Amino acid sequence: MSVLLRCLRVAPLAAAMTLLAACATTPSAAGKPSAQVNALYAQLDQASQGYEVALQQSRQGNVQASQITLTQSLDQLKAAAARCGSTPGCDSQRFYSVFDHLLRLKDGDFGGDQDLDSDIDPSQAALPTGKTGAASLPEAQRSVTLLHGQKLSELIAMNGPVKAALEMWLTQWRPALMDAYVNYQYMRFEMWPQYQAADLPEALLFGIMAKESGGKVHAVSRSGAAGPLQFMYATGTRFGLTSDGGFDLRYDPSESARANAEYINEQLGQFNNNLELTIAAYNGGEGRVRRVVGDDTSVSFYDPRIYNQLSQETRDYVPSVLAAAWLFLHPDSYNLKFPKVDGAPGKVTLKRAASLSELTVCLGSSNGMNDGWFRTLRNLNPRLDPQAQQPAGSDIHLPKSLERVYASRCVSGPWPILANDLHTAVIPVVAYTPTPSSPAPKAERRYKVYKVRRGDSLASVVRKLQCSSVQEVADLNGLKHHSISPGQTLKLPDCR
């Protein structure tokens, strides 16, 4: 049995077609194709023509007939592709090319609001009203629009780097992709309207976010990039992500999405609507990419004159973003099933004082969230210190599906009592002892050390230990942009 045939037998149609490029066999017969091969190619042509007929039927409003035609065409394509793998001289790459073409046709070319055999979850087709005021936003049509009417699928070259990135997202990075999708669905009502207003595709927003932070609002990189879309301090400031009452707006999902959309549109203008160069600029810096590209903005990102001068990080980053965006649009076509998420926004008014950490404990694994709700609560309440108790009467943003869960589990009974007991546990503070290499500060001022916990920010540490100012602690520890990470040890003034 050939390698291609084995691949087709173990994978569904969509996944099998995706694997064709990797499993493809080189035609072994010399000269003209045999009659058997020509018959398979004829079936391939018929399947492609059938898909075009389905498109036309859909545009004419005959949805039922178009569905029947589409199903017959895909079945014919599957059968011919399976036989191609065991037929000498048959070029399976031709079948992959047709499948790629059909996916691109499917992205927004069906008439009306119908997207036949769409991979997009119908439950996500409309955006619930949230605090942004966004109402119904039909994702199937708008999520593929880019660059003033062009289709996103038309702009993503299905080449070697993108295919390699698809494999990474579907294998080693798969857990991160799933987490990013879930995180995004709960923030979608804040982030997607910003992109929609800028005439940019939702899939691109998801691709950037998945690669940058995985949908973790408080993510901070070693270089100081922060927030769900990882803005550097200077770039964020340029696009209005400054401080609002001490809160860094880079951590705000809505504001960061707005700034990201403005940046992308600005760079698209600089690079003649070249999406790949624009994404490269977002990762590697627009100045560097402009120097490499020069005046020829029509040049391909993959041109060796460009590609070889960029860092390995940027060379990997661009196809990774595009691959994540492609999977957002076509999950089923790659044997990928995103979970159904009810991201409708909700809010509760606390009946008793509680921190986000305490709420996480009492909410438990409700509604099937086995990993708990800490990340979602953090993402939806980015201004709150997760360890700081909020007084009764405070408003907490959470998924609407948790409003009843809060009322039943977190107002009275054993769970809030347990959560508070765990939260108020006393952690010993280790005294700082000067060493010859680290002499005691002037005036024998005493210091202590604190090990950064997950969810901490520099401001929350200072508030929790009631000592000094954020800037003093930052200066004392040589922190740039007030960035800290879990496990890091901070030296703090002894505040008693």
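What span should the 18 residues of helix H16 have at 1.5 Å a residue, and how far apart are its end C-alpha atoms? The expected span is 26 Å, and the end C-alpha atoms lie 27 Å apart, which agrees. The model examined here is predicted. Helix H16 covers residues 312–329. Of its 18 residues, 15 are buried, and the helix is mostly covered.

The loop between H16 and strand E5 (345–349) contains Asn335. Phi of Asn335 is near 60°, a positive value in a residue other than glycine. Asn335 is partly exposed, with a relative accessible area of 45%. A positive phi is also found at Gln230, where the angle is about 50° although the residue is not a glycine. Gln230 sits in the loop between helix H10 (202–212) and helix H11 (233–238). Its relative accessible area is 11%. Buried means under 20%, so Gln230 counts as buried.

Helix H12 (residues 253–270) was examined for its span and its cover. Helix H12 has 18 residues. At 1.5 Å a residue these should span 26 Å, and the end C-alpha atoms of H12 are 26 Å apart, in agreement. Buried residues occur from the start of the helix, with Pro253, Ser254, Ser256, Ala257, Arg258, Ala259 and Asn260 among them. Ala261, Tyr263, Ile264, Gln267 and Leu268 of H12 are also buried. The cover over the buried residues of H12 includes helix H9 (174–197), H10 and H11. Helix H13 (275–284), helix H14 (286–293) and H18 are also included in that cover.

Helix H18 spans residues 374–380 and holds Thr376. Thr376 is buried, with a relative accessible area of 4%. Neighbours within four places in sequence left aside, Thr376 is in contact with Tyr186, Met369 and Pro399.

Two helix pairs were considered next. The first is H3 (residues 35–59) with H4 (residues 63–84). Their axes come within 8 Å and cross at roughly 160°. Angles over 145 degrees count as roughly antiparallel, and H3 and H4 are therefore roughly antiparallel to each other. Their crossing is left-handed. On the H3 side, the contact is made by Leu40, Gln43, Leu44, Gln46, Ala47, Gly50, Tyr51, Val53, Ala54, Gln57 and Ser58. H4 contributes Ala65, Ser66, Thr69, Leu70, Ser73, Leu74, Gln76, Leu77, Ala80, Arg83 and Cys84. By class, this contact has 12 nonpolar, 9 polar and 1 charged residues.

The other pair is helix H17 (residues 356–363) with helix H20 (residues 414–423). The axes of H17 and H20 come within 8 Å and cross at roughly 135°. That angle makes H17 oblique to H20. The crossing of H17 past H20 is right-handed. In H17, the residues that meet H20 are Ser357, Glu358, Val361 and Cys362. Their partners in H20 are Trp415, Pro416, Ala419, Asn420 and His423. The contact of H17 with H20 has 5 nonpolar, 3 polar and 1 charged residues.

Note on methods. Residues numbered from 1 in each chain as written. Predicted model: local features only at pLDDT ≥ 70, side-chain atom pairs only at ≥ 80, totals over all residues. Heavy atoms only, no water. Axes fitted to C-alpha atoms, helices over the stretch in contact; angles between N-to-C directions. Helix = DSSP H or I, 4+ residues; strand = E, 2+ residues; numbered from the N terminus. Parallel < 35°, antiparallel > 145°, perpendicular 65-115°, else oblique. Left-handed = near helix turned anticlockwise from the far one by under 90°. Contact = heavy atoms within 4.5 Å. Nonpolar A, V, L, I, M, F, W, Y, C, P; charged D, E, K, R; others polar. Buried < 20%, exposed > 50% of the residue type's maximum accessible area, 1.4 Å probe, protein only. Expected span 1.5 Å × (residues − 1).
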